[in-house]
Amino acid sequence: MKASTVHSLITAKALFYESKPLIEAGNKYSSSAGLILIQDAIELILLALLTELNIDEKKNLESKTFDELLGELKKAKISIPKIGTIKALNKQRVIVKHYGQLAEPSTVSNYAQATDTLINSVMTQVVGKTINEIFLTDLLPDREAKSYLNKSQVLK
């Protein structure tokens, strides 16, 4: 895996996990903040995976919209589960972030479940790992020390 992919995925993982307690709080304010975080996590993951697939070398990904990033992944023959729900999540994020309207906690909870499905599916297809399995040790060369660190992650 490319170093830039790992760095982006680690950042996305942090955003994704920071969103969980906000969403689970069950109030409109925290849920709305959590929604913004999960959308940012998804966007970072999409960019990381497209970079891993070398699509960034052919196309300027920075100028692509969220829907266009999903489309680029689809063009690369990556199956995208829950795509309709994820596009709706992005529209809800725009409403929350740019217009200050709050999201319903139950709606955000549904978006979070769809996000889990999406993230784990597309990541497994591209890098062979789920978000939970991404660690900085992925940057190390495949040698004995890395195998010990990988074993320790499983045993923790």
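Here are some numbered notes on the model shown above.

1. First, the ground rules. This is a predicted model, in which local features need pLDDT of at least 70 and side-chain atom pairs count only at pLDDT 80 or more, while totals for chains, interfaces and linings use all residues. Numbering starts from 1 along each chain as its sequence is written, and side-chain values use heavy atoms, with hydrogens and water left out.

2. On confidence: pLDDT is the predictor's own confidence in each residue, on a scale from 0 to 100. The protein averages 92, and 92% of the residues score at least 70. Helix α2 (residues 28-52) comes out highest at a mean of 98, and helix α6 (residues 144-155) comes out lowest at 68. Where pLDDT is low, the predicted coordinates should not be read in detail.

3. The fold is quick to describe: 6 helices and 0 strands, running α-α-α-α-α-α from the N terminus. Those elements are DSSP runs numbered from the N terminus, with helices being H or I over at least four residues and strands being E over at least two.

4. Overall dimensions next. The radius of gyration is 16 Å, which agrees with the value near 15 Å for a compact globule of 156 residues; this is taken over C-alpha atoms, and the globule rule is 2.2 Å times the number of residues to the power 0.38. Along the principal axes, the C-alpha atoms fill a box of roughly 50 × 40 × 20 Å.

5. Surface and packing: the accessible surface is about 8400 Å², with 53% of that belonging to carbon and sulfur atoms (Shrake-Rupley method, 1.4 Å probe; for residues, only the protein chains shown count as cover). Of the 156 residues, 39% are buried, where buried means under 20% relative accessible area, exposed means over 50%, and partly exposed is in between (1.4 Å probe, protein chains only). Among contacts with a separation of 6 or more, 64% are between residues 24 or more positions apart; a contact means heavy atoms within 4.5 Å.

6. Have a look at glutamine 39 in helix α2. Glutamine 39 counts as buried because its relative accessibility is 0%. Beyond residues up to four places away in sequence, glutamine 39 touches Phe66, Leu89, Asn90 and Arg93.

7. Leucine 89 sits on the other side of one of those contacts, in helix α4. Leucine 89 is also at 0% relative accessibility, so it counts as buried. Leaving aside neighbours within four places in sequence, its contacts are Leu35, Ile38, Gln39, Ile42, Tyr111 and Thr115. As for threonine 117, it is 28 residues from leucine 89 in sequence and 14 Å away in space, C-alpha to C-alpha.

8. Serine 30 is in helix α2 as well. Its relative accessibility is 18%, so serine 30 counts as buried. Setting aside neighbours within four places in sequence, serine 30 is in contact with Leu22, Ile23 and Ala25.

9. Glutamate 104 belongs to the loop between α4 (83-99) and α5 (105-127). With a relative accessible area of 40%, glutamate 104 is partly exposed. Lysine 28 is 76 residues away from glutamate 104 in sequence, yet the two are 5.6 Å apart in space, C-alpha to C-alpha.

10. Last, the rings. The charged end of lysine 13 sits over the ring of phenylalanine 135, 4.1 Å from its centre; the test asks for NZ of Lys or CZ of Arg within 6 Å of the ring centre and within 35 degrees of the ring normal.
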